[in-house]
Amino acid sequence: MTAPGHTLLTPVPAAGRAGSGAIAVVCVEGSESEIDGLFPSPVSPGEVCLRSLLGVDHGIVVRWSSTVMHLMPHGGQYVVRRLGAALDEAGFPVRPSDPRSTFPEARSAPEAIALDVLSRSYSPMAIPLLLEQVRRWEAGVDHRMDAAAEQTLQRVLLPPVVAAVGAPNIGKSSLLNKLAGRRVALEADVPGTTRDHIGVALVVDGLAVQWIDLPGWDDGMGGLEADAWDLARPSVLRADLVLLCSDEQHPAPDLREMGLGEGMPLLRCGLRCDRGRVDGVDVETSVRTGVGLPELAREARQRLVPDACLDLPGRWLFEPRLEQD
Ligand SMILES: Nc1nc2c(ncn2[C@@H]2O[C@H](COP(=O)(O)OP(=O)(O)OP(=O)(O)O)[C@@H](O)[C@H]2O)c(=O)[nH]1
Ligand SMILES: [Mg+2]
């Protein structure tokens, strides 16, 4: 008989990162009487109903059998954490999920783990990469990738952060909207249109990233603009790539004046190049004509996850559980 416990079947919610859903699913297992004892009036095997979930939230309860039940609270991290703590207190401690029971169709443990990881990753490029890794783990390929390469490849699974900085009113938000393929940020021919920094999940050249659109930077600015930038700065400091934007009339701002370190990983991007050439950049783009956009996406992806890393031979420990099986 299995000891009582609970497992979160949906992605683990994490602050500021993609991964949580609107509804979470928590699997609770135990003996018939232990499961009966979870609610003031027991839910019968085969029953689906709406209940108070241990006083933490209201949600759907499905009792699949006498010993297995699913609880479905709202998926925000606070609710999920509180429900986990309440289950722990009720005698159902957390158990790591077993991907082989979630993916019984997998032919091996590495394949089950890869399917589990894929269910949480947003990058299209994760699919061929992980399938090739499954083959290598199954074949028992000797050689392991070095730690730095393994860490870089993690960006395929957990979206890295890209922050676009530059002078006001040069097209930073327009670029984000174009890359996202929808209007996610306000754009207008008025400096200071973007006041609060916003983060948007989008895919660039096959890689999912968290793109932060920032208020424009101007070294003479004060008041609200300066306050908005002070609020935004910590997000830029934790960025994996800073997109340093300029156009023909507005040079890129000085990193030190913005309170950012010189050593930040940079991609220099020229905007609105249909209005005039932009000097000293890695790639020139125009949202209006579409020039340079594929090159920008490719260059950003290369800086975050270089081809050289994707093409490495050897096994990648993409999940610690691979070594436990
Ligand atoms: N010609 C031309 N105009 C563009 C291009 N991209 C954006 N614009 C225009 O530039 C103006 C400013 O665009 P935004 O995207 O709001 O600029 P921003 O840098 O986000 O501005 P702030 O939020 O104020 O810092 C708008 O009028 C856009 O239509 C482009 O590629 N070519
Ligand atoms: Mg803007």
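This passage walks through a five-stranded sheet and one helix of a predicted model. Local features are reported at pLDDT of at least 70 and side-chain atom pairs count only at pLDDT 80 or more, while totals for chains, interfaces and linings use all residues. Residues are numbered from 1 along each chain as its sequence is written, with chains lettered from A and ligands numbered from 1 in the order in which they are written.

Let's start with the sheet. Its 5 strands (DSSP runs of E, at least two residues, numbered from the N terminus) form an open sheet in the order β1-β2-β5-β4-β3, with antiparallel pairing. A pair here needs at least two DSSP bridges between the strands. At the edges sit β1 (5–8) and β3 (48–53), each pairing on one side only. β1 and β2 (residues 26–29) share 4 bridges in the antiparallel sense, and glycine 5 has glutamate 29 in β2 as its bridge partner.

Now for helix α5, residues 126–139 (helices are DSSP runs of H or I, at least four residues). At 1.5 Å a residue, its 14 residues should span 20 Å (1.5 Å times one less than the number of residues), and its end C-alpha atoms are indeed 20 Å apart. Its buried residues (20 or more other C-beta atoms within 10 Å of their own, with C-beta atoms placed from the backbone) are Ala126, Leu129, Leu130, Gln133, Val134 and Trp137. Seen down the helix axis, they fall within an arc of 140° (taken from the directions from axis to C-beta atoms), so they line one face of α5. The face turned away carries the exposed residues (12 or fewer such atoms) Pro128, Glu132, Arg135 and Ala139. Just after α5, glycine 140 takes a positive phi of about 65°.
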